[in-house]
Amino acid sequence: MREMSAAMARRTALAAQGLASPHPATTRGASARAVHAAIERTKLLQIDSVSVLVRAHYAPIFSRIGKYDRAVLDKAAWTDTARTPRRMVEYWAHEAALIPVEDWPLMRWRTELYEHGRWGGAKTILERNPTLTDDVLDVIADGGPASAGEIERALEVERPGRKGPWWDRSDVKVVCEQLFAAGVVSVATRTGFVRRYDLTERVIPAEILAQSIAEPDAVRALVSRSAVALGVATEPDLRDYYRLSQKQTKQAIADLVEEGSLEPVEVRGWGSAAYLHADARIPRRAHGATLLCPFDPMIFFRPRVERIFDFHYRIEIYTPQHKRIHGYYVFPFLLDGELVARVDLKGDRARSELQVLGAFVEGDRDASVIAAALGPVLREMADWLELESIVIGERGDLTPALASSTDLW
């Protein structure tokens with residue numbers, strides 16, 4: 001069995017994700033082709049509603065290619081015309097995520113699993129109102145893409161009051177989500193980040209919708225995609241990328257090893273069996289500096305982050321403010337292949353400011369070296385988000401060096 005050092009495995013993982021090289025030098029921003037190439041590397045983009053800086057699905061592209069026109073990603077996900085066919089579609093992949101349209105048939109087994117929704121809440125609602133599913137579908141069929149609120153108004157439904165600090169789901173919204181999980185409806189567009197549902201046959205091209213792939217074959221294809229995106233990975237890594245079961249993943253890995261797509265390897269220090277994809281690249285060095293969103297595919301599986309980078313990372317959005325250690329929305333800072341700092345970021349549109357609420361050195365590294373590398377990345381991010389100024393706060397041991405180096409960038 002081939003043996004790899006932990007450093008080799010880390011560089012392999014970064015290269016697979018397109019994070020082993022600096023952003024391409026450009027004054028006009030990355031091309032649409034570069035955006036699509038970045039998506040091809042990650043295979044999926046997790047969607048999240050947090051907008052304290054920028055929606056989660058936009059950030060991984062910036063992390064890989066620098067500033068780009070977010071409208072390119074919007075067009076890929078939510079535009080579908082004869083001239084510009086849809087490239088991506090929403091579904092429950094990792095969590096809610098954008099995936100290539102051609103991968104939709106690989107999720108058909110999951111739509112069958114979610115026939116009654118992901119949480120089962122629709123069952124009680126439909127017992128109380130058995131015609132609601134048909135009523136919702138009739139509104140969509142007749143009127144085209146519609147949000148849950150628009151469907152409610154069409155059905156003249158009284159919306160209940162807010163039930164808690166996080167969720168405010170009406171019966172109609174629950175049924176829409178059940179139909180979405182079951183693959184009956186898909187997301188045609190978004191307006192202000194609100195899903196607008198349409199019949200799946202009007203969202204997914206007919207030739208793709210007609211494909212029928214048995215669950216074992218679909219799972220094997222998904223594990224293969226995970227392996228390409230991860231480069232080198234353990235079974236739990238491969239399983240988590242598309243949130244598969246251990247039983248599914250183990251069989252798929254065995255099949256892929258037998259066909260030669262995966263090679264079992266021993267990574268020193270990992271303590272777990274690992275698998276190297278046949279096409280994985282192992283660069284001699286990892287270069288470049290970038291910030292990683294909490295939902296970036298490189299770091300969204302926290303056990304892998306700790307194993308690869310020796311970096312304990314948890315998102316603190318749901319932690320009460322007085323108990324937070326690093327901040328609300330913290331981006332790890334990747335510098336030459338290592339996670340060297342944590343940066344709590346916020347975009348204040350009214351003030352046109354990129355606010356560094358806190359910045360923290362990881363370990364005993366040199367804060368001045370990190371600040372010199374981080375500053376230009378912050379400047380590029382501010383330009384990308386069309387924020388005029390960068391404001392450095394006071395929390396964290398990196399902020400003094402960062403504030404004193406602003407004249408360098």
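Here is a quick briefing on some helix packing, a few buried side chains and the backbone spots with positive phi. Bear in mind that the model is a predicted one. Two helix pairs get a look, H6 with H9 and H11 with H13. After that come helix H14 with its buried residues, and single residues such as arginine 195 in strand S6 and leucine 73 in helix H4.

**Helix H9 and its partner H6**

- Helix H9 spans residues 171-181, helix H6 covers residues 121-128, and their axes come within 9 Å of each other.
- The two axes cross at roughly 125 degrees, and that angle falls outside the parallel, antiparallel and perpendicular ranges, so H6 and H9 count as oblique to each other.
- As for handedness, H6 goes past H9 in a left-handed crossing.
- On the H6 side, the contact is made by Gly121, Ala122, Ile125, Leu126 and Arg128; on the H9 side, Asp171, Val174, Val175 and Gln178 do the job.
- H9 is largely enclosed by the rest of the structure, because 10 of its 11 residues are buried.
- The buried set in H9 runs Val172, Lys173, Val174, Val175, Cys176, Glu177, Gln178, Leu179, Phe180 and Ala181.
- Just past the end of H9 sits glycine 183, with a positive phi of about 80 degrees.

**Arginine 195, a buried side chain with two acidic contacts**

- You'll find arginine 195 in strand S6, which covers residues 194-199.
- Its relative accessible area is 11%, so arginine 195 is buried, the cut-off being under 20%.
- The arginine 195 side chain has a polar contact of 2.8 Å with the side chain of glutamate 177, and Glu177 is itself among the buried residues of H9.
- Another polar contact, at 3.2 Å, links the side chain of arginine 195 to that of glutamate 90.
- Leaving out residues up to four places away in sequence, arginine 195 touches Glu90, Ala96, Ala146, Ser147, Ala148, Glu177, Phe180, Val187, Thr189 and Arg190.

**Helices H11 and H13**

- H11 packs against helix H13 (residues 246-259) with the axes 9 Å apart and an angle of about 75 degrees.
- That angle lies within the 65 to 115 range, so H11 and H13 are roughly perpendicular to each other.
- From H11, the residues involved are Glu215, Val219, Arg220, Val223 and Ser224.
- They meet Gln248, Thr249, Ala252, Ile253, Asp255 and Leu256 of H13.

**Helix H14 and what follows**

- Which residues of H14 (302-309) are buried? They are Arg302, Arg304, Val305, Ile308 and Phe309.
- These buried residues span an arc of only 155 degrees around the axis, so they sit on the same side of H14.
- The cover over them includes helices H1 (6-16), H11 (215-230) and H12 (235-241), as well as strands S7 (232-234), S11 (330-335) and S12 (338-348).
- H14 is followed by aspartate 310, with a positive phi near 50 degrees.
- Aspartate 310 belongs to the loop between H14 and S11, and it counts as exposed at 66% relative accessibility.

**Leucine 73 in H4**

- Helix H4 (residues 70-78) holds leucine 73, which counts as buried at 0% relative accessibility.
- Not counting residues up to four places away in sequence, leucine 73 touches Ile39, Leu45, His57, Tyr58, Ile61, Tyr68 and Met88.
- Arginine 87 is 14 residues from leucine 73 along the chain, and their C-alpha atoms are separated by 9.3 Å.

**Two buried loop residues**

- Serine 5 is in the loop between strand S1 (2-4) and H1, and its 16% relative accessibility makes it buried.
- The side chain of serine 5 reaches the backbone nitrogen of methionine 8 at 3.0 Å.
- With residues up to four places away in sequence left out, serine 5 touches Val267 and Arg268.
- Lysine 43 sits in the loop between helix H2 (32-42) and strand S2 (45-46).
- Lysine 43 isn't a glycine, yet its phi is positive, near 75 degrees.
- Is lysine 43 buried or exposed? Lysine 43 is buried, with a relative accessible area of 11%.

Terms used:
Residues numbered from 1 in each chain as written. Predicted model: local features only at pLDDT ≥ 70, side-chain atom pairs only at ≥ 80, totals over all residues. Heavy atoms only, no water. Buried < 20%, exposed > 50% of the residue type's maximum accessible area, 1.4 Å probe, protein only. Helix = DSSP H or I, 4+ residues; strand = E, 2+ residues; numbered from the N terminus. Arc of directions from axis to C-beta. Contact = heavy atoms within 4.5 Å. Polar contact = N/O pair within 3.5 Å; in protein donor to acceptor, adjacent residues only side chain to side chain. Axes fitted to C-alpha atoms, helices over the stretch in contact; angles between N-to-C directions. Parallel < 35°, antiparallel > 145°, perpendicular 65-115°, else oblique. Left-handed = near helix turned anticlockwise from the far one by under 90°.
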